[in-house]
Amino acid sequence: MSGAEGVYENELKLLEQVLDRQAVVDPLSALAGAINVPVDPPNDLTKIAFGIDSSVFLRLTEDPRGADILDYLTTHPAPLVLPGQAVQEFWNNRQATLKFSKQIATKFSELSSYVSKVDSNYGEFEERFKSLMTSFDSQFGYTYQEQILTRVMKMLELLQEHAHCSSVPRSRFTNQARLRKLTRTPPGFEDTGDGDFFVWADFLFGLLVCKQKKEVQDFEHIVLLTNDTKKDWSTSGVPHPVLTAEVQSLFSVPFSVWELKTFSTRVGKFYSQ
C-alpha cells in the first residue's frame, strides 16, 4: 500500500464507494434544490471549508484584494484544501502561458511600431490593441513579471503552512475516471483528459482527511473556488446537482462553487465588519 492508502484507507474506501455509487447518493434531492433555491453559504467565512482549483490558484495573487485574501487564509480555522492535481496544473498552465504571453507581447509591440509608421489613422486601432493587451496582461501577465513572481512565492509559502494538499492514488481511481466520463458524470465530461475528475477526487479526499485528523474547525458548508465555468462544474454559479449530491453523501452539508471575484468580495466584507 502507498502511504495514503495505508494511513487513510477508511477515507479512501468511503470516497471510492460514493464516486462509484456503491454508497447511497441522492441526486434527485440535489436536483430539486438546484432548480428551487440553492442554499447560500453562511456569511461567516470561518464556517466554510474551502478548496482551491488551479484556475483560481493561478490568479490568487493578482486579485485587487490579493493581500487581504492571503492574510485571511493564514487564519482560516476550517479546512483549506489544495488538490494535488491543481498543483501540477498550475505549473503546466504557467509554463504554457509564459511561452505564448511573451511572444504575443513582443509581436504586438512590433506590429504597433510598423503600422503607426504607415497609417496616420492607426491611432484609434492602436488604442484598442493596447486595451486588449492590458486585459491580457491582467489575466496572464503574472507568468513573467518578476514582482508578481515574488507574490506567488509568498502565496506558496502560505499554502504550504496552512493548506492541506491531498492526492488520491491514481491507479486506484483511474477506472472510475474512465467510467464516469463514459456516463457523462461531472466533473470533466467536457474535457478530453481526467484532470477535473482528479481535482474533485483530491478535494473530497482532502476534506475527509481533515475531518479524520480533527486539526481544523468543523464546517457548515463546502465551497470550491474555481473560475472554470463549464457546465460540468456549474451553471450560472449553481453547482452540478451530482457534485452536490456527492458532497451531501460524504459530509451532510451544502455545497457551492465560487469564482475568485466572489471570494474576494466576501473577504472584503469580512474585513469591513
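Which helix does Leu-28 lie in? A few notes on this one, starting there; keep in mind that the model is predicted.

1. **Leu-28 and its patch.** Leu-28 sits in helix 3, which covers residues 27-35. With a relative accessible area of 63%, Leu-28 is exposed, because the cut-off for that label is over 50%. Together with Leu-31 and Ile-35, Leu-28 makes a nonpolar surface patch of about 330 Å². On helices in general, there are 3.6 residues a turn in an α-helix, so residues three or four places apart point the same way.

2. **The overall picture.** The protein chain has twelve helices and seven strands. Out of 273 residues, 47% count as buried. About 14100 Å² of the chain is exposed, and carbon and sulfur atoms supply 53% of that. If you take the contacts with a separation of 6 or more, 82% of them come from residues 24 or more positions apart.

3. **The main core.** The largest nonpolar core holds 37 residues, and those with the most contacts inside it include Leu-15, Trp-200, Phe-203, Phe-251 and Phe-255. Among the elements that give two or more residues to this core are helix 2 (9-19), helix 9 (170-182), strand 4 (221-225) and strand 7 (255-258). Helix 10 gives the most, with twelve residues. There is also a second, separate core of 27 residues, which includes Leu-45, Phe-57, Leu-60 and Leu-260.

4. **Phe-255.** Have a look at this residue in the viewer. Leaving out residues up to four places away in sequence, Phe-255 touches Trp-200, Phe-203, His-221, Ile-222, Leu-224, Pro-239, Leu-243, Thr-244 and Val-247. Phe-255 also belongs to an aromatic cluster with Trp-200, Phe-203 and Trp-233.

5. **Helix 11.** How many residues of helix 11 are buried? Nine of the eleven are, so to speak, under cover in this helix, which runs over residues 241-251. Among the buried ones are Pro-241, Val-242, Leu-243, Leu-250 and Phe-251. Right after the helix comes Ser-252, which has a positive phi, near 60°.

6. **A buried glutamate.** Glu-246 is found in helix 11, and its relative accessibility is 0%, so it counts as buried. Not counting residues up to four places away in sequence, Glu-246 touches Val-18, Leu-19, Arg-21, Val-25, Arg-180 and Trp-200. I'd put this residue on the list to inspect.

7. **Lys-211.** This lysine is in helix 10 (residues 195-213). Is Lys-211 buried, partly exposed or exposed? At 35% relative accessibility, Lys-211 counts as partly exposed. Beyond its neighbours within four places in sequence, Lys-211 is in contact with Asp-218, Phe-219 and Phe-251. Phe-251 is 40 residues away from Lys-211 along the chain, and their C-alpha atoms are separated by 9.5 Å.

8. **Aromatic pairs.** The structure holds twelve aromatic pairs. In one of them, Phe-57 and Phe-90 have ring centres 4.6 Å apart and planes at 35°, so the pair is tilted. Phe-57 is in helix 4 (residues 54-57) and Phe-90 in helix 6 (residues 84-118), so this pair ties together parts that are 33 residues apart in sequence. Phe-57 is buried at 2% relative accessibility, and Phe-90 is buried too, with a relative accessible area of 9%.

9. **The Glu-9 and Arg-172 salt bridge.** The count of salt bridges comes to twelve. In one, the side chains of Glu-9 and Arg-172 meet at 3.0 Å, N to O. Glu-9 is in helix 2 and Arg-172 in helix 9, so the pair ties together parts that are 163 residues apart in sequence. Glu-9 counts as buried at 15% relative accessibility, and so does Arg-172 at 19%. These two are linked with Glu-16 in a network of salt bridges.

10. **Two further salt bridges.** Asp-194 forms a salt bridge with Lys-181, with the closest N and O atoms 3.4 Å apart. Asp-194 is in the loop between helix 9 and helix 10, while Lys-181 is in helix 9, 13 residues apart. Asp-194 is partly exposed at 29%, as is Lys-181 at 23%. Lys-261 pairs with Glu-259, where the closest N and O atoms are 3.9 Å apart. Lys-261 counts as exposed at 57% relative accessibility, whereas Glu-259 is partly exposed at 28%.

Note on methods. Residues are numbered from 1 along each chain as its sequence is written. This is a predicted model: local features need pLDDT of at least 70, side-chain atom pairs count only at pLDDT 80 or more; totals for chains, interfaces and linings use all residues. Side-chain values use heavy atoms; hydrogens and water are left out. Helices (H or I, at least four residues) and strands (E, at least two) are DSSP runs, numbered from the N terminus. Buried means under 20% relative accessible area, exposed over 50%, partly exposed in between (1.4 Å probe, protein chains only). Contact means heavy atoms within 4.5 Å. Patches are made of residues with over 30% relative accessible area and no salt bridge: like charges are joined within 9 Å, nonpolar side chains (Val, Leu, Ile, Met, Phe, Trp, Tyr) within 5 Å. Accessible areas come from the Shrake-Rupley method with a 1.4 Å probe; for residues, only the protein chains shown count as cover. A salt bridge is a side-chain nitrogen of Lys or Arg within 4 Å of a carboxyl oxygen of Asp or Glu. Rings of Phe, Tyr and Trp (its six-membered ring) pair if their centres lie within 6.5 Å; planes under 30 degrees apart count as stacked, over 60 as edge-to-face and the rest as tilted. A nonpolar core is a set of buried Ala, Val, Leu, Ile, Met, Phe, Trp, Tyr and Cys residues joined through side-chain atoms within 4.5 Å.
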